[in-house]
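The exercises below are to be worked with the sequence and the model side by side. Each one sets a task and then solves it in steps.

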Amino acid sequence: MERKQPKTTDCLETISLKGLTLAPSQVLGGVRLVPVLRKQVREDLRLTKRPYYEDIAAVQIDNKTAYYSYIPHAFIADWTNDGSPAVAYGTQIRSNKSTKTSDGTAHDLGFMTARVMKKMRAREDRNRLRFLPMDVSMEGFLALHFGGPDIIWEEYSRKAIRDGLSPRSETTIPGRWIKGLEDALRVFEIHTNQVGSLVFVGDALASAFIVSHPDDYRALHETLLTDDYGELLYYYGLYAQENGLNPDEIDADRVQSMKDLRTEVARVRSDWSQLHTLMSDNLLGCPVRYEMVYRMGPFHLQRFMTELNPKTENHIGESIVRKNGTLEYLKTYRLSAAQCRRAYLLMQLADSNWSLDACAEKLTCTRNELIFRFEKAGFGYLFHRHVLEEVRSEFRKQSWH
Amino acid sequence: MTDGKVQPTEREQLRERCEREDVIMFINSCFAATRQNEYYTDLYRTSVSIEFLHRYVLINYRLLYARTLAAGINHFNQQQIIFNLLEAGAPADTKQRTEEGALIATALRKLPANRVYALFVRLQQNRVNNRRTRAVIKSYLAWRREPEFDAIKYRNKYRAAAAHIHSRLDEELGLFLFERSSQKSFTTPLLNQYRQAQYSAAAIYELPFTVAESLAQKHQIPRDVFLKKIEPKMTAAEKLRLQSTAARTKGVEIEFDLSRAGLTKLALYILSLKQSQRAARADELQAALKAAADKALTRAPLSLGRVATILDRSRSATGSREKRNRPLAVALAASSLLRRAATEYRAFWTPAWGENSFEFLTHAAGQTALAEPLLDALEWRPDLIVIVSDGYENDPPQLVDQVARVYRDAIGKTETPEIVHMNPVFDADHYAPHRLGATIPTVGLRDAEDIPIILGFAKFTAGTATLDELEQYLALRVNRMLNSDGT
């Protein structure tokens, strides 16, 4: 993926919750949901959901590339340029009979159904955009160094040189599989001015979802269940315990009057917000690599990726940002450890001009170890067979000593 | 020892505390628990939890277990206690046996008949057939005023109960229950009516509503015709229940006197209406709530001074499918009751939105934030603060308890108002209604009508009373229950 620098500077450098506050979390089992509240709601950007019922969807990215995924729904964004209220009308009208719609063609293949779409993002009207949530950023993530080696070093297999890393695939876990998430979403008490949620599984940030209008959030709350999650979170869900988490209690020494007590209550409330910000410090306030995806009037649709450090949490995601930098829409996906490792290795290799020796030196390991790491990460097909065999025999020999 | 009393050892103190807490937890749960889905816990977990609790208390504190029948607990738990006592067999101690027997008989007679017959069937299915069980069923059947009516309305259950104890029935009743097809006609009018109704659509209107309903289907009587003609035979509860279905049937209006319904039932009915209907009939409904509250208060008098309530209308107050809107209805009914019982009254609904002129125009949504309303209530300086909530405080968690504690320690000192948390929901994981914290005593609450009893019980959950006092309290209630007119 080439990094295009946007012309304007109103893209996000870090993800910050400007104009948003975090309310105290609600916990059920191992799942913790943190409500995100918006003080000032502007009505000029509305999101709605358009469900798809096909088992798989294929999206043509460019002439040579296609993206296949299970896509439960698309988001429709309606906006106005002058800040007047936008009404999400018309998105409710769906035709179920005709298989060919503006969203591509639905095919019934007998054993499964499929939908073929022309574009990831399609402008459906002057002020309406259809896009596939998370797939926008997942596509960006998959496209990372998709082309394979730029310089043909002798270790690389013919297939790698011919096709690059095609096809690259990643597996995710549907929200339904995460233990307790369904119940937690069901019993969750949505605040009046809530526009989003941070989802924690086993107190690790799994996903953040923020929209611009409380009504939209109420309608889209359940989509958190059909979303994708990294497979790591599935295991977190299995082993997670209900954790009590409390900021400092009210300090009785500082309370003399009712007014003091009120201040202390307000203090505890703001402590909760800080606590949750701290818990999501691998997403909020972290430097991100961003890419502008679509310009929609006063808004920008962009995708981002945190720095791929295999030692910490890494998120990919997408956001819609207003010109003044306010976050209007955010959806993130936490990469699982294996996904981080793969992306990290690829990135290191690309940064060293696809030279194995240079990369090994950079990562302070031997060349053989590096190749072994690549193979373990699932990129064995990059290398010539004889290179892999050599590495294996080296390791076999070593193990006798 | 100087005062001549023997101080209890540490071991005894611990034992006393343990026993007291067990019994209080049990009684508290018996106010709220049923074998039904709740908002936060499902049917399976609730039933495992409550059945375990019953068994535990039965085995460890049998005397107190039986006496709980008199504590004003809900019907489901009374039924459960009677079943367990009968299954366990009579105790050897004569005095205890007599008391238990009297309690069972009295409690049975106060239970609704459908629950009693369901209990008999359960006894039969579990093959509980000791001498005491047979005697209990026999005396209950003999006590019923119209056995023919019961035999028609609860036909299968009545037959099961009668067969289970080998009861000698009245000859016609026996034929009706066991050999109906062979009998040409009955001399008892009701039984004869039932026989005729099998063949004639015109004859069904003398039967009880629930029996006639199924026969109406058999005779394919249109619903509106049936409802119109059967109306005089309907009970008040049936009329209330059928209000909404009747409204959907064209041309039928079931005349119903709102003032006859109980307070919590009425609140449930009001909440089942559409918002627009509620607004249109506001004055009528308000008057009915007031009348129901007054009626409840004449039955169990209560007079209080300045009272503030904190009423939870968060999303979880919608309850479950079986208990739709129940927590909200209890809060609404409690508000109406306390408003009439107090000299000065203020209600703080949470989450606070624009105040409606009528409380019943509310609906459940949003988070549970109890801390700020408590602050508002404390500032108003009442004598008593009642919190009606399911206890799942989440915005933020455990803050209301801190506010109450710090206020008591730092500001209110001795003038702190009494704070009671009344919880209509059973929490299966903790075998008791969910607590708000250590400072605020929590009591289970079935119906708002029980508030006078519950306020009396609250001092035990606060942990200030001793086991002796609890035993005395229960003995007193037992005495009152057995010696009031045993109808």
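**Exercise 1. Examine the pair R218(A) and D215(A) and state how their side chains meet.**

Step 1. The side chains of R218(A) and D215(A) form a salt bridge, with 3.9 Å from N to O. A salt bridge here is a side-chain nitrogen of Lys or Arg within 4 Å of a carboxyl oxygen of Asp or Glu.

Step 2. Both R218(A) and D215(A) belong to helix 4 of chain A (residues 214–220), where they are 3 residues apart, about one turn of the helix. Helices (H or I, at least four residues) and strands (E, at least two) are DSSP runs numbered from the N terminus.

Step 3. Over all chains, the count by this rule is 51 salt bridges.

A note on the source: this is a predicted model, in which local features need pLDDT of at least 70 and side-chain atom pairs count only at pLDDT 80 or more, while totals for chains, interfaces and linings use all residues. Residues are numbered from 1 along each chain as its sequence is written, chains are lettered from A and ligands numbered from 1 in the order in which they are written, and side-chain values use heavy atoms, with hydrogens and water left out.

**Exercise 2. Describe the overall build of chain A, and explain what its radius of gyration says.**

Step 1. Chain A has 11 helices and 20 strands.

Step 2. Its C-alpha trace spans about 75 × 60 × 45 Å along the principal axes.

Step 3. A compact globule of 401 residues would have a radius of gyration near 21 Å, and the 23 Å of chain A agrees with that. The radius is taken over C-alpha atoms, and the globule rule is 2.2 Å times the number of residues to the power 0.38.

**Exercise 3. Find the domains of chain A and describe how they meet.**

Step 1. Chain A is assigned domain 1 (20–91 + 99–337) and domain 2 (355–400). Such bounds come from an automatic or database domain assignment.

Step 2. The C-alpha centres of domain 1 and domain 2 of chain A are 36 Å apart. The contact (heavy atoms within 4.5 Å) involves 13 residues of domain 1 of chain A and 9 residues of domain 2 of chain A.

Step 3. Domain 1 and domain 2 of chain A bury about 990 Å² between them, 62% of it on carbon and sulfur atoms. Buried area is the accessible area (1.4 Å probe) that two parts lose on being put together, summed over both. On the domain 1 side of chain A, E155(A), Y156(A) and L165(A) lose the most area to domain 2 of chain A, together 54% of what that side buries.

Step 4. The count of salt bridges between domain 1 and domain 2 of chain A is 1. E155(A) and R367(A) meet in a salt bridge at 3.2 Å, N to O.

**Exercise 4. Find the domains of chain B and describe where domain 1 touches domain 2.**

Step 1. Chain B is divided into domain 1 (14–235), domain 2 (236–301) and domain 3 (302–482).

Step 2. In chain B, the C-alpha centres of domain 1 and domain 2 lie 27 Å apart. There, 11 residues of domain 1 of chain B are in contact with 13 residues of domain 2 of chain B.

Step 3. The area buried between these two domains of chain B is about 1,000 Å², with 58% given by carbon and sulfur atoms.

Step 4. K153(B) and E238(B) join their side chains in a salt bridge at 3.8 Å, N to O. On the side of domain 1 of chain B that touches domain 2 of chain B, helix 12 (209–218) and helix 13 (223–230) of chain B each supply at least two residues. Helix 13 of chain B gives the most to that side, with 4 residues.

**Exercise 5. Characterise the contact between chain B and chain A.**

Step 1. The contact takes 28 residues from chain B and 26 residues from chain A.

Step 2. The two chains bury about 2,400 Å² between them, 55% of it on carbon and sulfur atoms. Of the area that chain B buries against chain A, L375(B), V406(B) and I411(B) supply 21%, more than any other three residues.

Step 3. Between chain B and chain A the count is 5 salt bridges. D395(B) and R269(A) meet in a salt bridge at 3.3 Å, N to O.

Step 4. On the side of chain B that touches chain A, helix 19 (371–379) and helix 20 (399–412) of chain B each supply at least two residues. The largest share of that side, 8 residues, comes from helix 20 of chain B.
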